[in-house]
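Morning, everyone. I have one structure to walk you through today. Let's put it on the screen.

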Amino acid sequence: METLEVVKGIRGAITVPENSGEAIERQTKKLLAEIMAKNNLQKEKIISIFFTATPDLNAQFPATAARKAGLTEIPLLCAQEMDVPGSLKKVIRVLILTYLPENQKVQHLYLEGAKVLRPDC
């Protein structure tokens, strides 16, 4: 009997120590690698990836880092996060839409300073 696969969304975020292309690339790759490992994701089953970055991160697109990490056949999109007073700064957030087995539980991942955004994860 074949396992039914459904579309699921996986969320995550990570803080970046400085607004540089190198730091954005390093942290984006780290976030994606850990989400993919924790959720046993296969590139071929990822539908799309949507990134946001806080306004203080503009040295590079997170999607550029994803392409450099080998995610070249997946639609990628970046946007600027809302600039809410008092919110956490220097954050990259991600939403990955992917096919997963219906019974597989999703593991959202919030790393480094972004852990405060979802203490339940």
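Start with the sheet. This is a predicted model, and in it five strands form an open sheet. The order across is E3-E2-E4-E1-E5, and the pairing is mixed. Which strands stand at the edges? They are E3, residues 76–80, and E5, residues 109–111. Each has a single partner strand, so one side of each is left without a neighbour in the sheet. From one strand to the next, the twist averages 15°.

Now the pairs, one at a time. Take E1 and E4. E1 covers residues 5–15 and E4 covers residues 91–101. They run antiparallel, joined by eleven bridges. To find your place, look at threonine 15: its bridge partner in E4 is valine 91.

E4 also pairs with E2. That pairing is antiparallel too, over seven bridges. Here the marker is threonine 52, whose bridge partner in E4 is arginine 93.

On to E2 and E3. How do these two run, parallel or antiparallel? They run parallel, and five bridges join them. Isoleucine 49 stands opposite leucine 76 in E3. Alanine 53 stands opposite glutamine 80, also in E3. What does the chain pass through between E2 and E3? It goes through helix H2, residues 62–68. This β-α-β crossover is right-handed.

One general point while we are on strands. In a regular strand, side chains alternate between the two faces of the sheet.

Next, the other helix. H1 takes in residues 21–38. It lies across E1, E2, E4 and E5. E2, for reference, is residues 46–53. Against E1, the helix runs at about 145°.

Let's step back to the whole chain. The count is two helices and five strands. Read along the sequence, the pattern is β-α-β-α-β-β-β.

What about overall size? The C-alpha trace spans about 50 × 30 × 20 Å along its principal axes. The radius of gyration is 14 Å. A compact globule with 121 residues would have one near 14 Å, so the chain agrees with that.

Contacts next. Take those with a separation of 6 or more: 84% of them are between residues 24 or more positions apart.

Last, burial and surface. Of the 121 residues, 40% are buried, meaning under 20% relative accessible area. The accessible surface comes to about 7000 Å². Carbon and sulfur atoms account for 53% of that surface.

That's the tour. Thank you.

Conventions:
Residues numbered from 1 in each chain as written. Predicted model: local features only at pLDDT ≥ 70, side-chain atom pairs only at ≥ 80, totals over all residues. Heavy atoms only, no water. Pairing = 2+ DSSP bridges. Helix = DSSP H or I, 4+ residues; strand = E, 2+ residues; numbered from the N terminus. Axes fitted to C-alpha atoms, helices over the stretch in contact; angles between N-to-C directions. Contact = heavy atoms within 4.5 Å. Right-handed = clockwise from strand over helix to strand, strands pointing away. Rg over C-alpha atoms; globule rule 2.2 N^0.38 Å. Buried < 20%, exposed > 50% of the residue type's maximum accessible area, 1.4 Å probe, protein only. Areas by Shrake-Rupley, 256 points an atom, 1.4 Å probe, with all protein chains shown as cover.
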